Amino acid sequence: MVLRTDVVSTLFLISELNMSNLIDIQSQIDKLQKQANEIRSKEFGGTVQEILAKMQAFGITVKDLQTAKPAKAGKGGRKAKVGTEKTVKAPKRVAVAVPPKYRGPNGETWSGRGLTPKWLSALIAQGQSKESFAINAQ
């Protein structure tokens, strides 16, 4: 029975120490978060001024920032090794807009490429011919 009491009291002391450590760690986290917020708020104004100065130097407007596409992230910001230049890839094919060949009764259009649109499929199912909606025939 004495052994059991010793084990229970030891476990109780360990749980108190763990709880004390947890409380200490949480207070340290709170303190560090407050310090980080203070540093961030102190540096915020200066950072904004630096950004504004660079925008003025390069003639960048807020509209330019809103319409700009984000740059793709590189591999960890590392510089390429000397002699390992990448070959330039050929530009991708750009899709060319094709003029419409068919116009529906409600102004819908279709180029004749790809799947037949629902509006034309429905009209064909009603017995009308696809050629009757050809733009050149009208």
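## A contact in the loop before α3

In this predicted model, the side chain of Ser 111 comes to 3.2 Å from the backbone nitrogen of Arg 113. Ser 111 belongs to the loop that runs between β2, residues 109-110, and α3. With a relative accessible area of 19%, Ser 111 counts as buried, because the term applies to values under 20%.

## Overall layout and confidence

The protein is built with 3 helices and 2 strands, and, read from the N terminus on, these elements follow one another in the order α-α-β-β-α. Of its 138 residues, 8% count as buried, and several of the residues described in this report, among them Ser 111, belong to the buried class.

The mean pLDDT of the protein is 81, while 86% of its residues reach 70 or more. When the elements are compared by their mean pLDDT, helix α1, which spans residues 2-58, has the lowest value, 82, whereas α3 has the highest, 94.

## Two aromatic pairs

A pair of aromatic rings is described by how far apart the centres lie and by the angle between the planes. The structure holds 2 aromatic pairs. In one of them, Tyr 102 and Trp 110 are stacked, with 5.4 Å from centre to centre and 25° between the planes; this pair counts as stacked because its angle is under 30 degrees. Tyr 102 and Trp 110 are both buried.

The other pair is formed by Trp 119 and Phe 133, whose arrangement is edge-to-face, with the centres 6.5 Å apart and an angle of 85° between the planes. This pair links distant parts of the chain, since Trp 119 lies in helix α3, residues 118-125, and Phe 133 in the segment after α3, with their positions 14 residues apart in the numbering. Trp 119 and Phe 133 are, like the partners in the stacked pair, buried.

## A buried leucine in helix α3

Helix α3 also contains Leu 120, and this residue is buried, with a relative accessible area of 0%. Leu 120 can be related to the stacked pair through Tyr 102: the two residues are 18 residues apart in sequence, and their C-alpha atoms are 8.9 Å apart in space.

## A nonpolar patch on the surface

Where the preceding sections dealt with buried residues, this one turns to the surface, on which Val 7, Leu 11 and Ile 14 make a nonpolar patch of about 260 Å². One of these residues, Leu 11, has its place in helix α1, the element with the lowest mean pLDDT. Leu 11 has a relative accessible area of 54% and is therefore classed as exposed, the cut-off being over 50%. Leu 120 in helix α3, by contrast, is buried.

How values were computed. Residues are numbered from 1 along each chain as its sequence is written. This is a predicted model: local features need pLDDT of at least 70, side-chain atom pairs count only at pLDDT 80 or more; totals for chains, interfaces and linings use all residues. Side-chain values use heavy atoms; hydrogens and water are left out. Rings of Phe, Tyr and Trp (its six-membered ring) pair if their centres lie within 6.5 Å; planes under 30 degrees apart count as stacked, over 60 as edge-to-face and the rest as tilted. Buried means under 20% relative accessible area, exposed over 50%, partly exposed in between (1.4 Å probe, protein chains only). Helices (H or I, at least four residues) and strands (E, at least two) are DSSP runs, numbered from the N terminus. pLDDT is the predictor's confidence in each residue, from 0 to 100. Patches are made of residues with over 30% relative accessible area and no salt bridge: like charges are joined within 9 Å, nonpolar side chains (Val, Leu, Ile, Met, Phe, Trp, Tyr) within 5 Å. Accessible areas come from the Shrake-Rupley method with a 1.4 Å probe; for residues, only the protein chains shown count as cover. A salt bridge is a side-chain nitrogen of Lys or Arg within 4 Å of a carboxyl oxygen of Asp or Glu. A polar contact is a pair of N or O atoms within 3.5 Å; within protein, one must be able to donate a hydrogen and the other to accept it, and residues adjacent in sequence count only if both atoms are side-chain atoms.
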